[in-house]
Each structure stands twice: as C-alpha cells, then as structure tokens.
Amino acid sequence: MNYKMMGRFIGKILVVEGVFMVPALLISLWKREYASAHAFWWSLVIILGVSGLLMLLCRGSKNKFYAKDGLACVGISWIVMSLLGCLPFCFSGAIPRFIDAFFEIVSGFTTTGASVVPAVEELPMGILYWRSFSHWLGGMGVLVFLLAVSSVGGSDNGFTMHLLRAESPGPNVGKLVPKMKKTAGILYILYILLTVVNIIFLLAGGMSLFEAVCTAFGTAGTGGFGVRNDSIAGYSPYIQNVCTVFMLLFGVNFSCYYLLLIRQFKNVFRDEELRLYLGVVAGSIVLITLNLKGYYETLGETVRHAAFQVASIVTTTGYATTDFDLWPGFSKAILLCLMVIGASAGSTGGGFKCGRALLVLKSLHRSVRQVVHPQKVQAVRVNGHPVGEKILQNTNAYLAAYVIIIGISYLLVSVDGFSITTNISAVMACFNNVGPGFETVGPACNFAAYSTFSKLVLIMDMLAGRLEIFPILILFSRTTWRHR
C-alpha cells in the first residue's frame, strides 16, 4: 500500500474542497449571515490545515500505484472529505448534532438527497448553497475533477486509471480519448455545459438566480436537495417539465454526448443501454399514468407528475412534485423497481445501473441457451461487441454484494422499530442514492427519526452505493493494509 501517495492525493482533494467552499463563504458575507460566514471561515482553516499537514508528511512519495491503492484511496478520500465538509453545518448551528451534519453532507456528496432537516427554507443562504453544491461536486466526482485539472507528474503507472475506475459509476470505465486526463477533462466540460444550459432554462421560467443554480446543482448531480420545503411542487409546470427533461439527460451515459459531438450518431442510436434506459422510462410513465387515472384533475397533470417522478426516481435524483407515497400500490411498486434499476452507467445517476441490468439479462439468456445447447460456445454481446468474461464475473460479484449489503442493512436499521416498508425503502433509497423512500421517510418526511446507529448504517450505504461498493468494502479487508 502506497500510503504516502494516498496521503498526498487526499491533501490535494481537500484543497479542492476548500476552494469550492469559498463561494458559500462569500454568499454568507453578502447576505450578512455572520454565523455562517464564521462557520465557513473556520472550516476552511481546518480543511486547508489538514491538507497542508498531509502534503508535508507525504512529500517525496512514489507514483507507483496499484488497483488496490486506487480503491482504498477513493474510499478514504470520500470519508475524509465528508467528515470535514460537514463542519459548516455544525459550526453555524444549522445542524448542531455532528452525526446529523455528517449524514446530511454524505447525502449531498453521494447525490442521495436524503435529509434530516425538517425545514430547509429556514437555513441560511450560504448553507443552502453549500448543501446543494455538494451534489454537483459529488455527481461527476471530486477525484475526476482533480484528474481533469492537475497532473500527477511523470509516468503515473496506472494511477489515473485506477482512480477513475474506482470513482466512476458503471460496470466498466473506458477512455473517450487515449489519455485519461483528457477523458476526465471532457467529462467535466460536458457536465458544466449541461449544467449551464439547465440554469438558463430555469431562469427563463422565472426562477431567481440563486434558486436556479441550486436546483440545477441538484438536477445535474441527480441529488435532490431543494431550497423549498415542498421540493419542486411549488414551481410552475414549465419548471417541473424542465427538471424532468434535464434529470433524464443527466441519467444518460456521458459517452453518448461525446459521440454526438464527434458525429457518431449511429453508435448512439444503436446503444443498447440507452435504448433500455429510455424504454424503461417510457414504459413506467405509461403504466403509472394509467394507474393514476382519477387522482388528478386532467390527463396532462397526471402525465406531468408521472413523468417527473419516474425521471426523478430512475435517475436517483429524488425531487418531488407530489407526495407519491399516497399513490396506489402498483405505482409505488414501479417506483421501487426504478430505484433498483437506476440510470445509465457513466452518468451521474445511481442505482444498479441499466448497463449492469443489461449484462445480467444477457448473461441469464446465455445460461438458458447453454442448457439447451451445452456444447455450443456462446458469447454475451453488447452493441455488437463481445463482453469479456471478467466483466461478467465482476457484474455477478457486484450483484451478490448488492443483495447482501441491502439485506444486512435492512436487518440493522430494523432495530429502530419502524415498519417494513419504511426500513426497506430507507435502505434502498440510501444505497441507490435516491433520497426519499416511503411512509416515515417519504417525500413529505425525512430521516431525522432514525437513531444514531441506523444513520451510521445508512451513511455507509450511501457511500457504498455511490462508489460502487468495492472502494468501501475493501477498507474492511485486512489484506488491504498489508505492505507488499
């Protein structure tokens, strides 16, 4: 384990976190929220102090890096970043209990959107900004940002690839261009451009600049922290429709946008994961609209709410225009399934991912065919290309870990005595980075009622879900910490 390299990189990540905290400090000063400004100032001092100490102690580190080091580095980075990122909440008194503040910022960075705050409109503007911006920073990944803007120097010995693989969502990370640094840069340029376009459309609907920026941060990162207590319900149908479209756009694999830019339109249209994603969305909207007949005054209103909630849940954003916990059981069952399926691999969304679901279905189909024709060699193909057996094995391992962790987490949080529906939806919502669940943790409620122990379990679920399980799981293995 290359501890010095890890320490130096974590120090750089904390510098990035500190720099991005400055706008929140400036907003607090501008609005004369002096308690918040004081909180951000001392948080910056602590963050930059820890960063400087790490880089001082870890100077002269070697660039040699292995896959194990990359996974561990990503897991530790996100935990440290969250532990320090929650300090403004505590210091300002906005969320006085540390465990609640930690839960809130982890929910932000992991783009989950599960909250313990009962009335967000009472929070200072600087705190609201930092809370929403945590979605945007965590959506594409702070490590991907650092790889895009900095150099590791010399030959990185797989350093950037290991980090990008560990933090990027999906069953496999490929290069858009030969160099990983340029790939990270392209991803962030696309991310920024889509966010800016989203803000422009929201401003056109009459939103204030602050609300448009915070809402776009939540939409882009598929997070779901709002600046109003009713999420998106109080906004106009135009604003709701804009959010629906952009949530779906941010749930698409970003490599598709790159292919569109270089005019490889056929490859985009033939993308099987994209077709599955759009098919699931369209089918879910139709089924829920039919099931909600009579719940709303007009068909247009019904379609609008159905489309918004399908987009919000399948992309794991978590915004709401209505209390979907009051919907019929069939509609809620569809939403629960969408929590599991999630968005596309390579998007900012969470969940199991459409890419993995596609591989599981094709692998199952192959197994059935092999029973009928045991002597025939059959390969799993996606977009016309054979999928390596290692990727299929990793997908099966991920599925096994996914089911086991959800089962154990459900048992652990059940000690609090809430209903089965509340507990299973809370775990599913946190692990899949969705945000709201059903009943006690529904869109009109929050997670404040859970005990400290259950909140810690859900925090680990959020981190494991956002980082694709293994960067967190590897931290609990003794072999990880052995010297080579």
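# A walk through a helical model

Helix α14 (residues 272-291) and helix α15 (residues 299-314) pack against each other at an angle of about 140°, and their axes lie 9 Å apart. That angle makes α14 oblique to α15, since the label roughly antiparallel is kept for angles over 145 degrees. Please keep in mind as we go that this is a predicted model. If you turn the view to look at the pair, you will find that α14 passes α15 in a right-handed crossing.

Which residues make this contact? From α14 come Y277, V281, S284, I285, I288 and T289, and they meet L299, T302, V303, A306, A307, V310 and V314 of α15. Sorted by character, the residues of the contact of α14 with α15 are 10 nonpolar, 3 polar and no charged.

A second helix pair is worth a visit. Helix α5 (residues 98-109) and helix α6 (residues 125-140) pack with their axes 6 Å apart, at an angle of about 40°. These two helices are therefore oblique to each other as well, because an angle has to be under 35 degrees to count as roughly parallel. On the α5 side you will find E104, I105, S107, G108 and F109, which meet W130, R131, S134, H135, L137 and G138 in α6. The residues in the contact of α5 with α6 divide into 4 nonpolar, 5 polar and 2 charged.

Now step back to the whole chain. How many helices and strands are there in the protein? The count is 21 helices and 2 strands. Of the 484 residues in the protein, 57% are buried. Among contacts with a separation of 6 or more, 73% join residues 24 or more positions apart.

In soluble globular proteins, nonpolar side chains tend to be buried together. Here, the largest nonpolar core has 133 residues, and the members that touch the most others are W130, F254 and F447. Helix α1 (residues 3-30) gives the most to this core, with 11 residues. W130 is also one of the α6 residues that meet α5, so you have already passed one of these core members.

Let us look around F254. Leaving out residues up to four places away in sequence, F254 touches M140, L187, L190, Y191, L194, G346, S347 and T348. There is also a second, separate core of 6 residues, and L358, L359, V380 and L392 are among its members.

To finish, here are some individual residues to pick out. W30 is found in helix α1. Is W30 buried or exposed? At 65% relative accessibility, W30 counts as exposed, because the cut-off for exposed is over 50%. The C-alpha atoms of W30 and M125 are 9.8 Å apart in space, while the two residues are 95 residues apart in sequence.

If you check backbone torsions, try T222 and R263. T222, in the loop between α10 (209-220) and α11 (237-250), has a phi near 50°, a positive value in a residue other than glycine. R263, in the loop between α12 (254-261) and α13 (265-269), has a phi near 65°, again a positive value in a residue other than glycine. Their surroundings can be set side by side: T222 counts as buried, at 0% relative accessibility, whereas R263 counts as exposed, at 69%.

Definitions and conventions
Residues are numbered from 1 along each chain as its sequence is written. This is a predicted model: local features need pLDDT of at least 70, side-chain atom pairs count only at pLDDT 80 or more; totals for chains, interfaces and linings use all residues. Side-chain values use heavy atoms; hydrogens and water are left out. A nonpolar core is a set of buried Ala, Val, Leu, Ile, Met, Phe, Trp, Tyr and Cys residues joined through side-chain atoms within 4.5 Å. Buried means under 20% relative accessible area, exposed over 50%, partly exposed in between (1.4 Å probe, protein chains only). Helices (H or I, at least four residues) and strands (E, at least two) are DSSP runs, numbered from the N terminus. Contact means heavy atoms within 4.5 Å. Axes are lines fitted to C-alpha atoms, for helices over the stretch in contact, and angles run from 0 to 180 degrees between N-to-C directions. Angles under 35 degrees count as roughly parallel, over 145 as roughly antiparallel, 65 to 115 as roughly perpendicular and the rest as oblique. Ala, Val, Leu, Ile, Met, Phe, Trp, Tyr, Cys and Pro count as nonpolar, Asp, Glu, Lys and Arg as charged, and the others, Gly among them, as polar. A crossing is left-handed if the near helix is turned anticlockwise from the far one by less than a right angle, and right-handed if clockwise.
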